[in-house]
Amino acid sequence: MDTVVIGLYGSTLDSPVGVRRWLRWRPTVSLFQAEDLEVARLELLHAPAHLDGVQRIVADIGNLSPSTAVRLHPYELADPWDFEEVYALLHDWALAYPFRPEDEDYLVHITTGSHVVQICLFLLTEARLIPGRLVQSAPPQQGELPRLSLIDLDLARYSRLAARSVARRQQATGLLKSGIPTRSAVFNRLIEQVEQVAGNSTSPILLTGPTGAGKTWLARQIHALKRARHQLQGSLVELNCATLRGETAMSTLFGHVRGAFTGAQQARPGLLRAAHGGSLFLDEVGELGLDEQAMLLSAIEDGRFLPVGADQPVESRFQLLCGSNRALRERVAQGLFREDLLARIDLWTFELPGLRQRPEDIEPNLDFELERWRERTGRQLRFTRQARGRFLAFATDPRSAWSGNFRDLNAAVSRMATLASGGRIEEREVEEEITRLRRAWGEEAPTAEALVSLLGEQELDRFDRVQLLDVLAVCAESPSLSEAGRRLFAVSRQARSSRNDADRLRKYLARFGLSWEQVAGG
Ligand SMILES: Nc1ncnc2c1ncn2[C@@H]1O[C@H](COP(=O)(O)OP(=O)(O)O)[C@@H](O)[C@H]1O
Ligand SMILES: [Mg+2]
């Protein structure tokens, strides 16, 4: 690519004459003294009055860099300090110039000319009317070569803006995740998309997923993000549609005028109106009655609706957020949910994965819960190392159902914290909690065969398998770990060669990745 310099003859700096001119810093000439710049062409703008000086430097440039072509562009300026005149001149010059940025690299020399000229060259380059970079020359230090610096406005601006928007987006996703450093790629991608949609759209957002997956939580964070970005000023109004009952449903949502029905002594604005300028979160939206669905649809389409008994519509515009843990399509098929309303609210549907689908997030969420407990109670809470390992192993085990998702995790931490003495959760608390969770998830104690086959891939020797099956059978019949130990080690017990049967059994089970709670009969 050829390098082309565009610049003005500097009537003062470029003008020295005689042999001593070589000792002076002449900015335009200095471009050709720099070692690492090879200029194919110089487009030199100048006032006709300075032609003598121009021809002098053209000759010098010819000696310094014989391969450089110099083209002269005389211009007339009544007042080089008149911004409008200078800008118009350079602007028109740039527009008329046949730039070929694919083949040529343009450098705009901004060291010469009046300050007004320099500012105008800067503006034209920044606006990309001159598709080039700025080049600035500076007087050489004693005995050194002239210094040049290149300034790429486009890149500088781009990377600065890009850095700013990356930081802004990270802050936003951080808010949506309550600062939890989640690791699940699926969940993180979902949050990034929510951030994009919340930032760029006012359309309804539908959050689906199993109970306790965090729909209500995320709805609140979306509202908080929109507020923080000044996209909303109003408040968040939340309603669980499953709690709406019969006749009052309409007036709860849309309000009523005084005397609209018996008992309506006072007018009531209704939740849609209360959400004006803010957000309305309709949880379990599938539970909404068909009449309310029809009203809601027209309210979100028109931004207006009629309160019960009113003859004047009321205005309300809000960000609609919906939550649902059931398949709304099925409700549509059963005639229980309006298809047109669904089409309206499921433009942006985000399906929150359950905890079981994000095992890598259990640990950061566990830490978050511990921290929340500390904030709530003002008391420190820690796991011992073994207890933490045991809990995480159980929690991330694909066999753990986590059917209540965050609600279960929440409850588990609260229970262990309450039972832990001195803020230390030990293995005992963890094992007891595991038993409680299993029972809550309605898990039957697995049979010995099922357990052994689950160990599956690790390919037990027949020798081990036979022994393990028998040990597990005894465990399943024993009321406690100690009792199982007594039964299994009855002989060595008598010989007093074994100190602790329970410990010996626990260690045996651990060799297969099993714990007492997994194999106990319950
Ligand atoms: N992302 C999250 N991080 C931490 N805790 C959460 C998160 N999402 C939900 N929770 C907790 O789990 C509980 C259930 O979440 P919620 O949003 O009510 O679930 P859903 O509405 O999907 O049933 C909440 O009380 C909250 O404390
Ligand atoms: Mg909820």
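The exercises below, each with a worked solution, concern a predicted model.

**Exercise 1. Ser 478 and its surroundings**

Determine where Ser 478 is found, whether Ser 478 is buried or exposed, and which residues Ser 478 is in contact with.

Solution. Begin with the position along the chain: Ser 478 is found in the loop that runs between helix 18, residues 462–477, and helix 19, residues 481–488. Next, take the accessibility: the relative accessible area of Ser 478 is 5%, and because buried means under 20%, Ser 478 counts as buried. Then look at the side chain, which reaches the backbone oxygen of Val 474 at 2.6 Å. Finally, once the neighbours within four places in sequence are left aside, the contacts of Ser 478 are with Glu 483, Ala 484, Arg 487 and Trp 516.

**Exercise 2. Helix 18 against helix 19**

Work out at what angle helix 18 and helix 19 pack, and which residues make the contact.

Solution. The first step is the geometry: helix 18 and helix 19 pack at an angle of about 135°, and their axes lie 9 Å apart. Helix 18 is therefore oblique to helix 19, and the crossing in which helix 18 passes helix 19 is right-handed. The second step is the list of residues, in which helix 18 contributes Val 471, Val 474, Cys 475 and Glu 477, while helix 19 contributes Ala 484, Arg 487 and Leu 488. Sorted by class, the contact of helix 18 with helix 19 has five nonpolar residues, no polar ones and two charged ones.

**Exercise 3. Helix 19 against helix 21**

Establish how the axes of helix 19 and helix 21 cross, and which residues of helix 19 meet helix 21.

Solution. Start again from the axes: those of helix 19 and helix 21, the latter formed by residues 501–510, come within 8 Å and cross at roughly 90°. Because angles of 65 to 115 degrees count as roughly perpendicular, helix 19 is roughly perpendicular to helix 21. Then name the partners: Leu 481, Ser 482, Ala 484, Gly 485, Arg 486 and Leu 488 in helix 19 meet Asp 501, Ala 502, Leu 505 and Arg 506 in helix 21. By class, the contact of helix 19 with helix 21 comprises five nonpolar, two polar and three charged residues.

**Exercise 4. Helix 13 against helix 14**

Describe how helix 13 and helix 14 pack, and by class the residues of their contact.

Solution. Helix 13, residues 362–377, and helix 14, residues 385–396, pack at an angle of about 125° with axes 10 Å apart. The two helices, helix 13 and helix 14, are therefore oblique to each other, and helix 13 passes helix 14 in a right-handed crossing. On the side of helix 13 the contact is made by Ile 362, Glu 363, Leu 366, Asp 367 and Leu 370, and on the side of helix 14 by Arg 388, Phe 391, Leu 392, Ala 395 and Thr 396. Of the residues in the contact of helix 13 with helix 14, six are nonpolar, one is polar and three are charged.

**Exercise 5. Ala 401 and Val 197**

Place Ala 401 and Val 197, and list which residues are in contact with Ala 401 and with Val 197.

Solution. Ala 401 is found in the loop between helix 14 and helix 15, residues 406–419, and at 23% relative accessibility Ala 401 counts as partly exposed. Apart from neighbours within four places in sequence, Ala 401 is in contact with Arg 356, Trp 441 and Glu 443; Glu 443 is 42 residues away from Ala 401 in sequence, with 8.9 Å between their C-alpha atoms. Val 197, by contrast, has its place in helix 6, residues 185–200, and is buried with a relative accessible area of 7%. With neighbours within four places in sequence again left aside, Val 197 is in contact with Ile 205, Trp 348 and Phe 350.

**Exercise 6. Positive phi values**

Explain what is notable about phi at Ser 178 and at Glu 284, and find where Ser 178 and Glu 284 lie.

Solution. Most residues other than glycine have a negative phi. Ser 178, although not a glycine, has a positive phi of about 55°, and Glu 284, likewise not a glycine, has a positive phi of about 50°. Ser 178 is found in the loop between helix 5, residues 153–176, and helix 6, and is partly exposed at 23% relative accessibility. Glu 284 has its place in the loop between strand 9, residues 279–283, and helix 10, residues 290–302, and is buried with a relative accessible area of 17%.

Definitions and conventions. Residues are numbered from 1 along each chain as its sequence is written. Chains are lettered from A and ligands numbered from 1 in the order in which they are written. This is a predicted model: local features need pLDDT of at least 70, side-chain atom pairs count only at pLDDT 80 or more; totals for chains, interfaces and linings use all residues. Side-chain values use heavy atoms; hydrogens and water are left out. Helices (H or I, at least four residues) and strands (E, at least two) are DSSP runs, numbered from the N terminus. Buried means under 20% relative accessible area, exposed over 50%, partly exposed in between (1.4 Å probe, protein chains only). A polar contact is a pair of N or O atoms within 3.5 Å; within protein, one must be able to donate a hydrogen and the other to accept it, and residues adjacent in sequence count only if both atoms are side-chain atoms. Contact means heavy atoms within 4.5 Å. Axes are lines fitted to C-alpha atoms, for helices over the stretch in contact, and angles run from 0 to 180 degrees between N-to-C directions. Angles under 35 degrees count as roughly parallel, over 145 as roughly antiparallel, 65 to 115 as roughly perpendicular and the rest as oblique. A crossing is left-handed if the near helix is turned anticlockwise from the far one by less than a right angle, and right-handed if clockwise. Ala, Val, Leu, Ile, Met, Phe, Trp, Tyr, Cys and Pro count as nonpolar, Asp, Glu, Lys and Arg as charged, and the others, Gly among them, as polar.
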